Amino acid sequence: MISFRVENLKNMNAQLKAFLDFLRSLDVPEDDVFFSRLVACELIANVLRHGGEAAAFTGELLSDKISITVTAESQKNVNLTPSLPDVFAENGRGLYIINAVSLNGINRGERGELKVYIKRTDGV
C-alpha cells in the first residue's frame, strides 16, 4: 500500500509517480498502470477543484484488482455523480471515463472517501 497527500495540481504528477513505480515494481501490466493513473488523476483533480484544500491518496494492490482511494482533507462532501455527459458538456467526462474503466464505478465511503477498483488484466 502507498499513501500520500496532494496539495495542488502542480505536484500531483510527482506524487503519483511513486504509486506508478509501486505498481510496476509488483509487475502490474502497463495497461493497468495506465488506467490506475487515469483514475487517480481524475479523482484527485475533482477533489482539489470541488473539495478544496488537499487530497489524501491511498493505492493498494489486491489479489485481483487495484484499489484507489481519494479523500478531501476538508471532509467537504464532494458531489460526484458519474453519468454520461451531453456531447457538448464541458464537465463530467472524467467521471464517465472512470466508470468505463473501473469495476462498479466510484464508491463513496462512510467518511466521504471516493474508492475505485481497477480490474487486473494479468489474470491474477
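This is a short walk through the fold, the sheet, the salt bridges and a few individual residues of one protein chain.

Hi everyone, thanks for coming. Before anything else, please keep in mind that this is a predicted model.

Let's begin with the overall layout. The protein chain has 124 residues, and 40% of them count as buried. In it you will find 3 helices and 5 strands. If you follow the sequence from start to end, the elements come in the pattern β-α-α-β-β-α-β-β. For those of you who like contact maps: taking contacts with a separation of 6 or more, 60% are between residues 24 or more positions apart. As for the surface, the accessible area is about 7,000 Å², and carbon and sulfur atoms make up 50% of that.

Now to the sheet. In what order do the strands sit in it? The order is β1-β2-β3-β5-β4, in an open sheet of 5 strands with antiparallel pairing. The edges are taken by β1, residues 2-6, and by β4; each has a single partner strand, so one side of each has no neighbour in the sheet. From one strand to the next, the twist averages 15°.

The helices come next. Helix α1 lies across β1, β2 and β3, and runs at about 170° to β1. Helix α3 packs on the sheet too, touching β4 and β5, and its direction makes about 130° with that of β4.

Let me stay with β5 for a moment. This strand covers residues 114-119, and its side chains alternate. Which of them point to the buried face? Leu114, Val116 and Ile118 do, whereas Lys115, Tyr117 and Lys119 point to the other face and are not buried. As a reminder of the background, side chains in a regular strand alternate between the two faces of the sheet.

What about the partners of β5? With β3, residues 65-72, β5 pairs in the antiparallel sense over 6 bridges. In that neighbourhood, Thr69 stands opposite Lys115. With β4, residues 103-108, there are 3 bridges, and the two strands run antiparallel. Here Leu114 is the bridge partner of Arg108. β4 and β5 form a hairpin with 5 residues between them, and in the turn Gly112 has a positive phi of about 85°.

That brings me to backbone angles. Most residues other than glycine have a negative phi. Two residues are worth a look with that in mind. Asp27 is not a glycine, yet has a positive phi of about 60°. Asp27 sits in the loop between α1 and α2, and counts as exposed because its relative accessibility is 65%, where the cut-off for exposed is over 50%. Asn104 is another residue other than glycine with a positive phi, near 60°. Where is Asn104? Asn104 lies in strand β4, and is exposed, with a relative accessible area of 70%.

On to charges. Side chains of opposite charge can pair when their charged atoms come close. How many salt bridges does the structure hold? There are 3. One joins Glu7 and Arg5, whose closest N and O atoms are 2.6 Å apart. Glu7 is partly exposed at 47% relative accessible area, and Arg5 is partly exposed at 38%.

Another salt bridge joins Lys17 and Asp21, with the closest N and O atoms 2.7 Å apart. These two residues both lie in helix α1, residues 12-25, where they are 4 residues apart, about one turn of the helix. Asp21 is partly exposed, at 34% relative accessibility.

Then there is the pair Arg24 and Glu30, whose side chains meet at 2.8 Å, N to O. Arg24 has a relative accessible area of 37% and is partly exposed; Glu30, at 45%, is partly exposed as well.

One last residue before we stop. Ile97 lies in helix α3, residues 93-101. Is Ile97 exposed, buried or partly exposed? Ile97 is partly exposed, because its relative accessibility is 35%, and the partly exposed class lies between the cut-offs of 20% and 50%. How far is the C-alpha atom of Ile97 from that of Glu42? The separation is 8.9 Å, for two residues 55 apart along the chain.

That's my tour, and I'm happy to go back to any part of it.

Methods: Residues are numbered from 1 along each chain as its sequence is written. This is a predicted model: local features need pLDDT of at least 70, side-chain atom pairs count only at pLDDT 80 or more; totals for chains, interfaces and linings use all residues. Side-chain values use heavy atoms; hydrogens and water are left out. Buried means under 20% relative accessible area, exposed over 50%, partly exposed in between (1.4 Å probe, protein chains only). Contact means heavy atoms within 4.5 Å. Accessible areas come from the Shrake-Rupley method with a 1.4 Å probe; for residues, only the protein chains shown count as cover. Two strands pair if DSSP finds at least two bridges between them. A salt bridge is a side-chain nitrogen of Lys or Arg within 4 Å of a carboxyl oxygen of Asp or Glu. Axes are lines fitted to C-alpha atoms, for helices over the stretch in contact, and angles run from 0 to 180 degrees between N-to-C directions.
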